Amino acid sequence: MENIKFITEKSPRIDKLINNLYENMPEIESARGVLVTESYRETEDLPIIKRRSRAFSHILKNIPITIRDNELIVGSATLAPRGCQVFPEYSYEWLEAEFDTVETRAADPFYISEKTKAELRAVYPYWKGKTTSDLAKSNMAPEAYAAFTKHGMFTPGNYFYNGIGHVNVDYAKILKSGYRGVIDEAERAISKLNITDPDYVQRKNFLDAVIESAESVIGYAKRYAELALELLEKEPSPFRRMELARIAENCARVPEFGAESFYQACQSFWFVQLLLQVESSGHSISPGRFDQYMYPYYKKDIERGSITTEAV
């Protein structure tokens with residue numbers, strides 16, 4: 001440890017990214033809300049587990065993507081640096097009621113364009129009576145719901161309006177074998193199913209949904225690889241061209257396959273973390289022991305000289 005030199009100066013790249021992040025106020029976008037609604041409208045005859053995987057797939061194939069200047073790790077749920085998507089399958093009425101005040105409210109103001117308002121107003125009617133909030137309320141007497149909320153016995157704002165979150169997924173598994181490994185595992189499990197088992201259909205549907213979701217993530221990463229190559233063709237800076245080529249190389253490999261470097265491990269981790277939020281916007285999705293599962297890739301790169309402790 002005595003040979004390691006610690007960096008105390010911050011890279012100018014970080015300041016540029018931070019300035020870009022805080023240059024504008026947070027912004028609400030409609031793309032995910034429109035896409036999830038399109039999918040659910042088309043899959044009403046499917047089991048719910050397949051409707052969810054199909055919706056996830058539709059979102060990842062069609063949601064707009066961007067690679068911002070100075071980024072080395074890519075992937076964003078929104079085009080705006082401080083943007084947010086909406087999740088009408090959980091709830092929508094509270095936001096619809098604030099369309100004209102959300103930008104000027106005292107706490108947590110968000111910009112929302114007239115175009116976004118119109119797009120969301122067009123899809124919200126589909127969800128009336130179909131949200132998870134509606135389902136939760138239907139299982140409680142109205143007077144009980146009002147009393148529980150008033151006295152703080154639960155906080156519907158956290159659990160009705162988005163995914164519950166509070167999970168810690170197996171990042172190390174994806175870093176090691178990628179989503180292709182997950183697909184292989186699911187296919188092996190399908191091959192062992194017995195069609196005469198009482199839960200065959202339920203298990204088969206779940207495994208099919210796992211495969212569809214994993215394939216969607218792979219396709220999403222490859223969209224970034226293609227975008228990086230498109231930007232590279234137009235980029236005048238040789239240094240940024242080199243960075244974009246590396247981004248394309250990384251996204252073409254991870255998270256489909258296991259990471260081969262610390263850089264790829266960082267990119268793979270970020271895709272997992274990002275897409276957990278795209279799927280359900282859950283609170284408190286912890287990266288867990290980031291140091292433990294990332295260290296082998298860092299150590300390997302140090303040993304082969306790919307990175308040094310003096311690099312910023």
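1. **The nonpolar core.** In this predicted model, the largest nonpolar core holds 65 residues, and the members touching the most others are Leu60, Ile67, Tyr124, Tyr220, Tyr224, Ile247 and Leu275. Two or more residues come from each of α2 (31–42), α3 (48–62), α5 (114–123), α9 (171–191), α10 (200–234), α11 (238–253), α12 (262–280) and α13 (290–303). The top contributor is α10, which supplies 13 residues. As background, nonpolar side chains in soluble globular proteins tend to be buried together.

2. **Ile67 as a way in.** If you would like one residue from which to explore the core, try Ile67, one of those that touch the most other members. Beyond the neighbours within four places in sequence, Ile67 is in contact with Val74, Tyr224, Leu227, Ala228, Leu231, Arg240, Leu244 and Ile247. Tyr224 and Ile247 are themselves on the list of core residues that touch the most other members.

3. **How α10 meets α12.** Two packed helices are described by the angle between their axes and the distance between the axes. For α10 and α12, the axes come within 12 Å and cross at roughly 115°. The crossing of α10 past α12 is right-handed. On the α10 side the residues involved are Val217, Tyr220, Ala221 and Tyr224, and they meet Phe271, Leu274 and Leu275 of α12. Sorted by class, this contact has seven nonpolar residues, with no polar and no charged ones. Tyr220, Tyr224 and Leu275 will be familiar from the core, where they are among the residues touching the most other members.

4. **The overall picture.** Stepping back, the protein has 13 helices and two strands. The C-alpha trace spans about 65 × 60 × 40 Å along its principal axes. Of the 312 residues, 39% count as buried. The accessible surface comes to about 17800 Å², and carbon and sulfur atoms account for 55% of that area. On contact order, take the contacts between residues at least 6 apart in sequence: 73% of them join residues at least 24 apart.

5. **Glu71, a glutamate worth a look.** Glu71 sits in the loop between α3 and β2 (83–84). Is Glu71 buried or exposed? Its relative accessible area is 11%, under the 20% cut-off, so Glu71 counts as buried. Setting aside neighbours within four places in sequence, Glu71 is in contact with Leu17, Thr66, Arg240 and Ile247. Ile247 lies 176 residues away from Glu71 along the chain, yet their C-alpha atoms are separated by 9.2 Å. Both Arg240 and Ile247 also appear among the contacts of Ile67.

6. **Thr131, another buried loop residue.** Thr131 belongs to the loop between α5 and α6 (132–138). With a relative accessible area of 6%, Thr131 is buried. Which residues is Thr131 in contact with, leaving aside neighbours within four places in sequence? They are Pro88, Glu89, Tyr90, Ser91 and Tyr92.

7. **Backbone geometry to check.** The peptide bond joining Val254 and Pro255 is cis, with omega at about 5°. Pro255 is placed in the loop between α11 and α12. Next, please look at two serines. Ser281 has a positive phi of about 55° although it is not a glycine, and Ser284 likewise has a positive phi of about 55°. Ser281 is in the loop between α12 and α13, and Ser284 is found there too. Ser281 counts as partly exposed at 22% relative accessibility, while Ser284 is partly exposed at 48%.

8. **Two residues with some exposure.** Glu249 is in helix α11 and is partly exposed, with a relative accessible area of 47%. Glu249 and Lys222 are 27 residues apart in sequence, and their C-alpha atoms are 9.6 Å apart in space. Met153 lies in the loop between α7 (142–150) and α8 (156–159). At 58% relative accessibility, above the 50% cut-off, Met153 counts as exposed. Between Met153 and Phe87 there are 24 Å in space, C-alpha to C-alpha, for a sequence separation of 66 residues.

How values were computed: Residues numbered from 1 in each chain as written. Predicted model: local features only at pLDDT ≥ 70, side-chain atom pairs only at ≥ 80, totals over all residues. Heavy atoms only, no water. Core = buried A, V, L, I, M, F, W, Y, C linked by side-chain atoms within 4.5 Å. Buried < 20%, exposed > 50% of the residue type's maximum accessible area, 1.4 Å probe, protein only. Helix = DSSP H or I, 4+ residues; strand = E, 2+ residues; numbered from the N terminus. Contact = heavy atoms within 4.5 Å. Axes fitted to C-alpha atoms, helices over the stretch in contact; angles between N-to-C directions. Left-handed = near helix turned anticlockwise from the far one by under 90°. Nonpolar A, V, L, I, M, F, W, Y, C, P; charged D, E, K, R; others polar. Areas by Shrake-Rupley, 256 points an atom, 1.4 Å probe, with all protein chains shown as cover.
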